[in-house]
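These are my notebook entries on a structure that I had not opened before. I wrote down what I looked up, in the order in which I looked.

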Amino acid sequence: MDAGHTGDGAVAFASRFPSWRNADPQALAAFGTASVALWREGAKESPAPWK
């Protein structure tokens with residue numbers, strides 16, 4: 001996102017793949033929530049700008 005990508009752009013890219021396109025929306029939401037939590041925790045431990 002920092003590089004100018006949007007959430008909608010990420011969804012459009014991922015929807016090209018059947019595994020993402022056909023995934024349960026609740027599973028995708030859980031994956032997104034877990035990913036955010038992982039990156040936030042990593043950023044707290046090491047505040048490198050790319051995180």
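Entry 1, a glycine. I started with Gly 32 and found it in helix H3. I looked up its accessibility, and at 31% relative accessibility Gly 32 counts as partly exposed, because the partly exposed class runs from 20% to 50%. I then took the distance to Asn 22, which is 10 residues away along the chain, and the two C-alpha atoms turned out to be separated by 16 Å.

Entry 2, the model and its confidence. I note here that this is a predicted model, so I checked the pLDDT before going further. The protein chain averages 88, and 94% of the residues score at least 70. Going through the helices, I found the lowest confidence in H1, with a mean of 89, and the highest in H2, at 93.

Entry 3, the overall layout. I counted 3 helices and 0 strands in the protein chain, and read from the N terminus the elements run α-α-α. For the extent I looked at the C-alpha trace, which spans about 35 × 25 × 10 Å along its principal axes. The radius of gyration is 13 Å, whereas a compact globule of 51 residues would have one near 10 Å. I also asked myself what share of the 51 residues is buried. Buried residues make up 2% of them. The accessible surface comes to about 4500 Å², and 64% of that belongs to carbon and sulfur atoms.

Entry 4, a nonpolar patch. On the surface I found a nonpolar patch formed by Phe 13, Phe 17, Trp 20, Leu 28 and Phe 31, which together have about 480 Å² of accessible area. Phe 13 lies in helix H1, which covers residues 7–14. I looked up the accessibility of three members of the patch: Phe 13 is partly exposed at 46%, Phe 17 is partly exposed at 35%, and Trp 20 is partly exposed at 37%.

Entry 5, the aromatic rings. A pair of aromatic rings is described by the distance of the centres and the angle of the planes, and I noted both values for each pair. The count comes to 2 aromatic pairs. Phe 13 and Phe 17 form an edge-to-face pair, at 5.5 Å centre to centre and with 65° between the planes. In the pair of Trp 20 and Phe 31 the ring centres are 5.4 Å apart and the planes stand at 70°, so this pair is edge-to-face. Trp 20 belongs to helix H2 (residues 18–21) and Phe 31 to helix H3 (residues 25–45), so the pair ties together parts that are 11 residues apart in sequence.

Entry 6, the charged side chains. How many salt bridges does the structure hold? I found 1 salt bridge, formed by Glu 41 with Lys 44, whose closest N and O atoms are 3.5 Å apart. Both residues lie in helix H3, 3 residues apart, which is about one turn of the helix. I then asked which of the classes each partner falls into: Glu 41, at 40% relative accessibility, counts as partly exposed, whereas Lys 44, at 64%, counts as exposed.

Entry 7, beyond the last helix. I ended with Ala 48, which is found in the segment after H3 and is partly exposed, with a relative accessible area of 23%. From Ala 48 to Phe 17 I noted 32 Å in space, C-alpha to C-alpha, and 31 residues in sequence.

Methods. Residues are numbered from 1 along each chain as its sequence is written. This is a predicted model: local features need pLDDT of at least 70, side-chain atom pairs count only at pLDDT 80 or more; totals for chains, interfaces and linings use all residues. Side-chain values use heavy atoms; hydrogens and water are left out. Patches are made of residues with over 30% relative accessible area and no salt bridge: like charges are joined within 9 Å, nonpolar side chains (Val, Leu, Ile, Met, Phe, Trp, Tyr) within 5 Å. Accessible areas come from the Shrake-Rupley method with a 1.4 Å probe; for residues, only the protein chains shown count as cover. Helices (H or I, at least four residues) and strands (E, at least two) are DSSP runs, numbered from the N terminus. Buried means under 20% relative accessible area, exposed over 50%, partly exposed in between (1.4 Å probe, protein chains only). Rings of Phe, Tyr and Trp (its six-membered ring) pair if their centres lie within 6.5 Å; planes under 30 degrees apart count as stacked, over 60 as edge-to-face and the rest as tilted. pLDDT is the predictor's confidence in each residue, from 0 to 100. The radius of gyration is taken over C-alpha atoms; the globule rule is 2.2 Å times the number of residues to the power 0.38.
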